[in-house]
Amino acid sequence: FLREVTDRLPLSLAYLDVDRRVQFANALQCQRLGLTRDHVIGRTLAELQAEPSLHPQALAMLAAPLGEHETEQNQGDGQIRHLGCLVAQDVDASGNARGLFVIGTDITARKLAESTQRQTLAMLESVLRSATQVSIIAVDRQGRISLFNRGAEVLLGYSAAEMVGTGNAFQFHVEHELHARADALTQRLGRTVPPGLALVAPEVR
């Protein structure tokens with residue numbers, strides 16, 4: 001029953017004794033090793049290493065030290081899968097080590113999303129750097145500056161290093177104009193809008 005349940009999980013699972021001999025491996029773990037269950041159970045990692053069809057990246061996960069790890073596995077068809085692995089110690093009631101749990105997950109989708117995000121951010125940063133004729137400033141609800149592009153530097157006379165994280169966008173506005181806008185927004189929205197929010201997203205509560 002346990003084998004049937006674990007074989008249906010989208011995780012690779014293995015249990016190794018203190019000699020790094022595999023005592024349990026579910027179907028996905030065997031698939032990632034490139035071996036049948038009969039060729040995995042009861043064998044040490046050194047013995048598995050001699051198998052010609054072994055996938056070495058998967059074996060490296062079983063040989064990893066305690067903690068979390070990541071690796072890549074070539075599927076043989078040009079596809080690269082990114083795998084995450086957790087190696088946790090199994091101890092008895094006295095605290096003595098008696099084995100290791102090795103749990104693997106496919107993190108390919110997360111890695112692709114992270115790569116896409118990095119590419120998007122790099123493209124955005126490139127656009128912001130090249131926009132020298134337009135002032136682009138990003139601020140939080142308190143007016144603190146988190147982005148100050150080259151155009152803002154040129155038009156306002158401050159460097160990004162001076163403004164990001166320390167500067168406040170309110171310093172570029174006339175105080176009585178902020179109060180006037182806050183009064184107008186208070187009437188339009190039917191609730192009090194303080195001058196501080198007259199500049200930053202007053203419609204958001």
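The side chains of E70 and R110 meet in a salt bridge, with 2.8 Å from N to O; the term covers a side-chain nitrogen of Lys or Arg within 4 Å of a carboxyl oxygen of Asp or Glu. E70 sits in strand β3 (residues 67-74) and R110 in helix α5, so the pair ties together parts that are 40 residues apart in sequence. Helices here are DSSP runs of H or I with at least four residues, strands are runs of E with at least two, and both are numbered from the N terminus. The model is a predicted one, in which local features need pLDDT of at least 70 and side-chain atom pairs count only at pLDDT 80 or more, while totals for chains, interfaces and linings use all residues. Residues are numbered from 1 along each chain as its sequence is written, and side-chain values use heavy atoms, with hydrogens and water left out.

Both partners of this bridge are partly exposed: E70 has a relative accessibility of 45%, and R110 has 39%. On this scale, buried means under 20% relative accessible area, exposed means over 50%, and partly exposed is what falls in between, using a 1.4 Å probe and protein chains only. The pair also belongs to something wider, as E70, R110, K111 and E114 are linked in a network of salt bridges.

The structure holds 11 salt bridges. Another of them joins R37 to D7, where the closest N and O atoms are 2.8 Å apart. With R37 in the loop between α2 and α3 (45-48) and D7 in helix α1 (residues 2-7), this pair ties together parts that are 30 residues apart in sequence. R37 is buried, at 18% relative accessible area, whereas D7 is partly exposed, at 26%. Then there is R21, which forms a salt bridge with E47, the closest N and O atoms being 3.7 Å apart. R21 lies in the loop between β1 (12-17) and β2 (22-25) and E47 in helix α3, so here the parts tied together are 26 residues apart in sequence. R21 counts as partly exposed at 28% relative accessibility, and so does E47 at 34%.

Back in helix α5 (residues 108-130), L112 is exposed, with a relative accessible area of 52%. Its C-alpha atom is 9.2 Å from that of H82, and the two residues are 30 apart along the chain.

On the surface, V154, L155, L156 and Y158 form a nonpolar patch with about 340 Å² of accessible area together. Such a patch joins nonpolar side chains (Val, Leu, Ile, Met, Phe, Trp, Tyr) within 5 Å, from residues with over 30% relative accessible area and no salt bridge; the areas come from the Shrake-Rupley method with a 1.4 Å probe. Y158 is found in the loop between α6 (150-156) and α7 (160-163) and is partly exposed, at 33%.

Inside, a search of the whole structure finds one cavity of 30 Å³ or more. A cavity is a set of points on a 1 Å grid where a 1.4 Å probe fits but cannot get out, and its lining residues have an atom within 4 Å of a point. The volume of the largest cavity is about 70 Å³, taken as the space filled by probe spheres set on the points. Its lining includes S12, Q29, R32, M61 and Q73. At least two lining residues come from each of α2 (27-33), α4 (56-62), β4 (80-91) and β5 (97-106). By type, the lining divides into six nonpolar, five polar and one charged.

Terms used:
1 Å grid on protein atoms, 1.4 Å probe; cavity = no way out; pocket = protein on both sides within 12 Å on 5 of 7 lines; lining within 4 Å. Nonpolar A, V, L, I, M, F, W, Y, C, P; charged D, E, K, R; others polar. Patch = residues over 30% accessible without salt bridge, like charges linked within 9 Å, V, L, I, M, F, W, Y side chains within 5 Å.
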